[in-house]
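Colleague: I have just opened this model and would like to learn how to read it. Could you walk me through some of its features?

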Amino acid sequence: MLVCSCNFITEKEIEQTIVELLDEDCWQLIVPAKVYHRMAKRGRCCGCFPNVADIIVRTTEAYHKNSDSTEAEICDFLSRLKEFHQKNRRADIERRQKGYRTAERSSVS
């Protein structure tokens with residue numbers, strides 16, 4: 001399935017890249033920008049990043065289920081990963097709202 005139409009990147013390519021990163025360090029925090037950097041690509045419109053984040057979570061869960069990791073290590077890591085993604089989504093929303101208010105004030109002034 002095509003995930004990024006700007007760069008023509010498939011879900012399988014993203015999954016392979018995530019597994020490569022996990023093979024290097026299975027507890028590193030992987031974000032969409034890191035995946036794209038590894039593939040020598042860059043986010044253009046970045047509309048695919050939420051889907052890439054979901055693929056990261058799904059692939060990381062599968063990777064650790066198939067490894068010798070303990071259940072406690074997996075749960076702790078995945079909760080930190082999901083928390084990180086939630087914080088970044090909130091930060092994006094807050095930046096948009098701030099920018100909107102700033103533009104609103106400048107047009108009123």
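Colleague: Let me start with the rings. How many aromatic pairs does the structure hold?

Modeller: This is a predicted model, so please keep that in mind throughout. It holds 1 aromatic pair. The partners are tyrosine 36 and phenylalanine 49, with 5.2 Å centre to centre and 55° between the planes, and the pair is tilted.

Colleague: Why are two values given for one pair?

Modeller: A pair of aromatic rings is described by both the distance of the centres and the angle of the planes. Planes under 30 degrees apart would count as stacked and over 60 as edge-to-face, with the rest called tilted, so that is the word for an angle of 55°.

Colleague: Where in the chain do tyrosine 36 and phenylalanine 49 lie?

Modeller: Tyrosine 36 is in helix 2 (residues 32–38) and phenylalanine 49 is in helix 3 (residues 49–65). They are 13 residues apart, and the pair links distant parts of the chain.

Colleague: Are tyrosine 36 and phenylalanine 49 buried or exposed?

Modeller: Both tyrosine 36 and phenylalanine 49 are buried. Phenylalanine 49 has company in helix 3, where the buried residues also include Val52, Ile55, Ile56 and Tyr63.

Colleague: Let me step back for a moment. What does the secondary structure of the chain come to?

Modeller: The chain has 4 helices and 2 strands. Reading from the N terminus, the order is β-β-α-α-α-α. Of its 109 residues, 30% count as buried.

Colleague: How should I think about a core in general?

Modeller: In soluble globular proteins, nonpolar side chains tend to be buried together. Here, the largest nonpolar core has 20 residues, and Ile14, Ile18, Val35 and Tyr36 touch the most other members. Two or more residues each come from strand 1 (2–4), helix 1 (11–24), helix 2, helix 3 and helix 4 (71–108). Helix 3 gives the largest share, 6 residues.

Colleague: Which residues is valine 35 in contact with, leaving aside its neighbours within four places in sequence?

Modeller: Valine 35 is in contact with Ile14, Thr17, Ile18, Leu21, Ile30 and Ile56.

Colleague: Now to the helices. Why do residues three or four places apart point the same way in an α-helix?

Modeller: An α-helix has 3.6 residues a turn, so residues with that spacing point the same way. Try helix 1, where Glu11, Ile14, Thr17, Ile18, Leu21 and Leu22 are buried. They lie on the same side of helix 1, because they cover an arc of only 135° around the axis.

Colleague: What is on the face turned away from the buried side of helix 1?

Modeller: That face of helix 1 carries the exposed residues Lys12, Asp23 and Glu24. The buried residues of helix 1, for their part, pack against strand 1, strand 2 (9–10), helix 2 and helix 3.

Colleague: What span should helix 1 have?

Modeller: With 14 residues at 1.5 Å a residue, helix 1 should span 20 Å, and its end C-alpha atoms are 20 Å apart, which agrees. Helix 3, with 17 residues, reaches 24 Å from its first C-alpha to its last, close to the 24 Å expected.

Colleague: Glutamate 11 caught my eye in helix 1. Why does glutamate 11 count as buried?

Modeller: Buried means under 20% relative accessible area, and glutamate 11 is at 18%, so it counts as buried. Its side chain makes a polar contact with the side chain of arginine 58 (2.6 Å). Leaving aside neighbours within four places in sequence, glutamate 11 is in contact with Met1, Val3, Ile55 and Arg58.

Colleague: And the loops? What should I look at in the one between strand 1 and strand 2?

Modeller: Start with asparagine 7, which lies in that loop and counts as buried at 9% relative accessibility. A polar atom of its side chain lies 3.0 Å from the backbone oxygen of arginine 42. Phenylalanine 8 is in this loop too, and is exposed, with a relative accessible area of 63%.

Colleague: What is phi for phenylalanine 8?

Modeller: Phenylalanine 8 has a positive phi of about 55°, although it is not a glycine. You can look at alanine 40 next, in the loop between helix 2 and helix 3: its phi is also positive, near 60°.

Definitions and conventions: Residues are numbered from 1 along each chain as its sequence is written. This is a predicted model: local features need pLDDT of at least 70, side-chain atom pairs count only at pLDDT 80 or more; totals for chains, interfaces and linings use all residues. Side-chain values use heavy atoms; hydrogens and water are left out. Rings of Phe, Tyr and Trp (its six-membered ring) pair if their centres lie within 6.5 Å; planes under 30 degrees apart count as stacked, over 60 as edge-to-face and the rest as tilted. Buried means under 20% relative accessible area, exposed over 50%, partly exposed in between (1.4 Å probe, protein chains only). The expected span of a helix is 1.5 Å times one less than its number of residues. A nonpolar core is a set of buried Ala, Val, Leu, Ile, Met, Phe, Trp, Tyr and Cys residues joined through side-chain atoms within 4.5 Å. Contact means heavy atoms within 4.5 Å. A polar contact is a pair of N or O atoms within 3.5 Å; within protein, one must be able to donate a hydrogen and the other to accept it, and residues adjacent in sequence count only if both atoms are side-chain atoms. The arc is that of the directions from the helix axis to the C-beta atoms.
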